[in-house]
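Student: I've got the model open and I keep tripping over the labels people put on residues and strands. Can we go through how each one is earned?

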Amino acid sequence: MIPESAKDIVDELREQVSALHAELVRYGLVVWTAGNVSARVPGHELFLIKPSGVSYDDLTPDAIVACDLDGELVDGELSPSSDTAAHAYVYRHMPEVGGVVHTHSTYACAWSARAEPIPCALTAMADEFGGPIPLGPFARIGDDSIGRGIVETLAGHRSRAVIMQNHGVFSIGPDAKAAVKAAVMCEDVARSTHIARQLGPLTPIPQDDVDALFDRYQNVYGQTGAKQ
């Protein structure tokens, strides 16, 4: 049951999380019912996530379910996503994370099928991820094994995305919108670097340039107070 003190923010986040799923469709990151967005409820041991197997066309704010940080259903009429345990593990072990996204986007999945991290060969990648997008271990779906792999891979890493081997993308952010942006950007650079490698070897960006690009984008680029 949702605590009375959390009801207003949960209602607001249900609207946001439902709307953000449409961005996954808009950017071509998901097919059929695959993929999900979740959001931590600030100040509470709760998060919201897409229910399992629900079409994006049928997804409404009321369909978004609430779970505790052990992944147990707290509020909602539908069963939570099959990735709920992974999201819950991330929230339990990375308190700075406010949003988690999972996609099976085509080009990022191609890198994961090859069991390769995505090299940092584009300035946009240095800006957003601060280096390569790392490869996480293979893990079966259904328990927190994927979550453990995400946390172990991203702990101490500047990247907000990981490609899990033979699976797909998980991205994180201070809120759900930022995590969605990381998923979008992950697929964008995965596509470009894949195409480039068909033409010849990639030319990685030197580390000092990566550091400078990341610092500029994270701390200078954009409008004050409007960074995502």
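**Earning the labels**

Tutor: Sure, and keep in mind that this is a predicted model. Leaving aside neighbours within four places in sequence, His21 is in contact with Asn36, Val37, Lys50, Tyr56, Leu59 and Ile64. His21 itself has its place in helix 1, residues 7–26.

Student: Why is His21 called buried?

Tutor: Buried means under 20% relative accessible area. His21 has 0%, so it is buried.

Student: What makes the pair of His21 and Val37 a polar contact?

Tutor: A polar contact needs N or O atoms within 3.5 Å. Here the backbone nitrogen of Val37 lies 2.9 Å from a polar atom of the His21 side chain.

Student: Val37 takes me to strand 1. How do you know that strand 1 is mostly covered?

Tutor: Count the buried residues: five of its five. On one side there are Asn36, Ser38 and Arg40, on the other Val37 and Ala39, and they are all buried. In a regular strand the side chains alternate between the two faces of the sheet.

Student: What makes strand 1 and strand 5 a pair?

Tutor: At least two bridges are needed for strands to pair. Strand 1 and strand 5 (residues 99–103) have four bridges, in the antiparallel sense. One to look at is Val37, whose bridge partner in strand 5 is Val101.

Student: How do you know that strand 1 and strand 2 pair?

Tutor: The cut-off is at least two bridges, and three join strand 1 to strand 2 (residues 46–49), running antiparallel. Arg40 stands opposite Phe47 in strand 2, and Ala39 stands opposite Leu48. The hairpin of these strands has five residues between them, and there Gly43 takes a positive phi near 80°.

Student: Which residues make both faces of strand 2 count as covered?

Tutor: Leu46 and Leu48 on one side, Phe47 and Ile49 on the other, all of them buried. Strand 2 also pairs with strand 3 (residues 65–68), antiparallel over four bridges. In strand 3, Ala66 is the bridge partner of Leu48.

Student: Let's go to Gly136. Why does Gly136 count as buried?

Tutor: The cut-off is under 20%. Gly136 comes in at 2% relative accessibility, so it counts as buried. You'll find Gly136 in strand 6, residues 135–136.

Student: Which residues is Gly136 in contact with, beyond its neighbours within four places in sequence?

Tutor: Thr153, Val162, Ile163, Met164 and Gln165. As for Met94, it is 42 residues from Gly136 in sequence and 16 Å away in space, C-alpha to C-alpha.

Student: One more thing, the pockets. How do you find empty space in a model anyway?

Tutor: Rolling a probe the size of a water molecule over the atoms shows where empty space is left. In this model, about 190 Å³ of space lies in the second largest pocket. Its lining has 13 residues, and the closest to the centre are Leu13, Gln16, Arg40, Asp175 and Ala176.

Student: Which elements give two or more residues to that lining?

Tutor: Helix 1, strand 1 (36–40) and helix 6 (176–199). Helix 1 gives the most, with five residues.

Student: And how does the lining of the second largest pocket split by class?

Tutor: There are seven nonpolar, two polar and four charged residues. Arg40 is worth a second look: it is among the residues closest to the pocket centre, and it is one of the buried residues of strand 1.

Notes: Residues are numbered from 1 along each chain as its sequence is written. This is a predicted model: local features need pLDDT of at least 70, side-chain atom pairs count only at pLDDT 80 or more; totals for chains, interfaces and linings use all residues. Side-chain values use heavy atoms; hydrogens and water are left out. Buried means under 20% relative accessible area, exposed over 50%, partly exposed in between (1.4 Å probe, protein chains only). A polar contact is a pair of N or O atoms within 3.5 Å; within protein, one must be able to donate a hydrogen and the other to accept it, and residues adjacent in sequence count only if both atoms are side-chain atoms. Contact means heavy atoms within 4.5 Å. On a 1 Å grid over the protein atoms alone, a cavity is a set of points where a 1.4 Å probe fits but cannot get out, and a pocket is an open set with protein on both sides within 12 Å along at least five of seven lines; lining residues have an atom within 4 Å of a point. Grid points are joined across faces, edges and corners, and a volume is the space filled by probe spheres set on the points. Ala, Val, Leu, Ile, Met, Phe, Trp, Tyr, Cys and Pro count as nonpolar, Asp, Glu, Lys and Arg as charged, and the others, Gly among them, as polar.
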